[in-house]
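Thanks for coming. I have one model to go through, and I will take the salt bridges first, then the helices, then the surface and the annotation.

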Amino acid sequence: MSERTLKDLQQEVDTYISQFKEGYFSPLAMLARMSEEVGELAREVNHTYGEKPKKSSEADNSIELELGDILFITICFANSLGIDLTEAHEKVMHKFNTRDAGRWTKINTET
């Protein structure tokens, strides 16, 4: 599969959603969907790394699929609000590289 940018992903999701009369959900509904997906991710992480094994009757989901669901709803949320996720990412990285520059212990890369 070829590499795609966030812009490509946002366009792909918009093309998919645009084929339906209902379009994007409201921001409040999307926040609820995002919360549901984060809960499903938490459940998968708990099954994989925690002390709670899956029941034999539970669906065979994965952390990868749950992260994909979260990415999809995040893109839907951004698209519905006209947010460019590349710009949002650049702003967040600027914040981490300035405000939080000395917050964590850096790995010594000198040899």
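**Salt bridges, helices and a surface patch**

Asp100 and Arg99 are joined side chain to side chain by a salt bridge, at 3.0 Å from N to O. Before I go further, please keep in mind that this is a predicted model.

How do the two partners sit with respect to solvent? Asp100 has a relative accessible area of 8%, so Asp100 is buried. Arg99, in contrast, comes out at 56% and is therefore exposed. So this is a pair with a buried acid and an exposed base.

Asp100 has another partner. Arg103 also makes a salt bridge with Asp100, and there the closest N and O atoms are 3.9 Å apart. The cut-off for a salt bridge is 4 Å, so a distance of 3.9 Å is counted. Arg103 is exposed as well, with a relative accessible area of 53%. Taken together, Arg99, Asp100 and Arg103 form a linked network of salt bridges.

How many salt bridges are there in the whole structure? The search finds 3. One of them lies elsewhere in the sequence, between Arg4 and Glu12, with 2.3 Å between the closest N and O atoms. Here neither side chain belongs to the buried class: Arg4 is partly exposed at 38% relative accessibility, and Glu12 is partly exposed at 43%.

That brings me to the helices.

Helix α1 covers residues 6-17. The helix has 12 residues, and the distance from its first C-alpha to its last is 16 Å, close to the 16 Å expected at 1.5 Å a residue. Which residues of α1 are buried? They are Leu9, Gln10, Val13 and Ile17. These residues cover an arc of only 100° around the axis, so they lie on the same side of α1.

Let me take one of that set, Val13. Its relative accessibility is 8%, which puts Val13 in the buried class. Val13 also takes part in a contact between distant parts of the sequence: Val13 and Asn79 are 66 residues apart along the chain, yet their C-alpha atoms are separated by 8.4 Å.

Next, helix α2, which runs over residues 27-49 and contains Gly39. Gly39 is partly exposed, at 39% relative accessibility. In sequence, Gly39 and Glu66 are 27 residues apart, and their C-alpha atoms are 9.3 Å apart in space.

Helix α3 takes in residues 63-81, and Asp69 is found there. Asp69 has a relative accessible area of 32% and is partly exposed. From Asp69 to Arg33 the separation is 36 residues in sequence and 9.7 Å in space, again C-alpha to C-alpha.

Now the surface. Which residues make up the nonpolar patch? Tyr16, Phe20 and Phe72 do, and together they have about 280 Å² of accessible area. Tyr16 lies in helix α1. Why can Tyr16 belong to a patch at all? Membership needs over 30% relative accessible area, and Tyr16 has 42%, so Tyr16 passes that cut-off while being classed as partly exposed. Helix α1 thus carries the buried residues Leu9, Gln10, Val13 and Ile17, and also Tyr16, one of the patch residues.

Last, the annotation. For residues 25-102, UniProt lists "domain: NTP pyrophosphohydrolase MazG-like", and the entry is unreviewed. Over that range the chain is 72% helix and 0% strand. The C-alpha atoms at the two ends of the range are 40 Å apart.

To recap the charged part: the network consists of Arg99, Asp100 and Arg103, with Asp100 buried at 8%. The pair of Arg4 and Glu12 is the other salt bridge I showed, at 2.3 Å. That is what I had to show.

Notes:
Residues are numbered from 1 along each chain as its sequence is written. This is a predicted model: local features need pLDDT of at least 70, side-chain atom pairs count only at pLDDT 80 or more; totals for chains, interfaces and linings use all residues. Side-chain values use heavy atoms; hydrogens and water are left out. Patches are made of residues with over 30% relative accessible area and no salt bridge: like charges are joined within 9 Å, nonpolar side chains (Val, Leu, Ile, Met, Phe, Trp, Tyr) within 5 Å. Accessible areas come from the Shrake-Rupley method with a 1.4 Å probe; for residues, only the protein chains shown count as cover. Helices (H or I, at least four residues) and strands (E, at least two) are DSSP runs, numbered from the N terminus. Buried means under 20% relative accessible area, exposed over 50%, partly exposed in between (1.4 Å probe, protein chains only). UniProt positions are given in the numbering used here, feature names are shortened, and annotations may be inferred rather than shown by experiment. The expected span of a helix is 1.5 Å times one less than its number of residues. The arc is that of the directions from the helix axis to the C-beta atoms.
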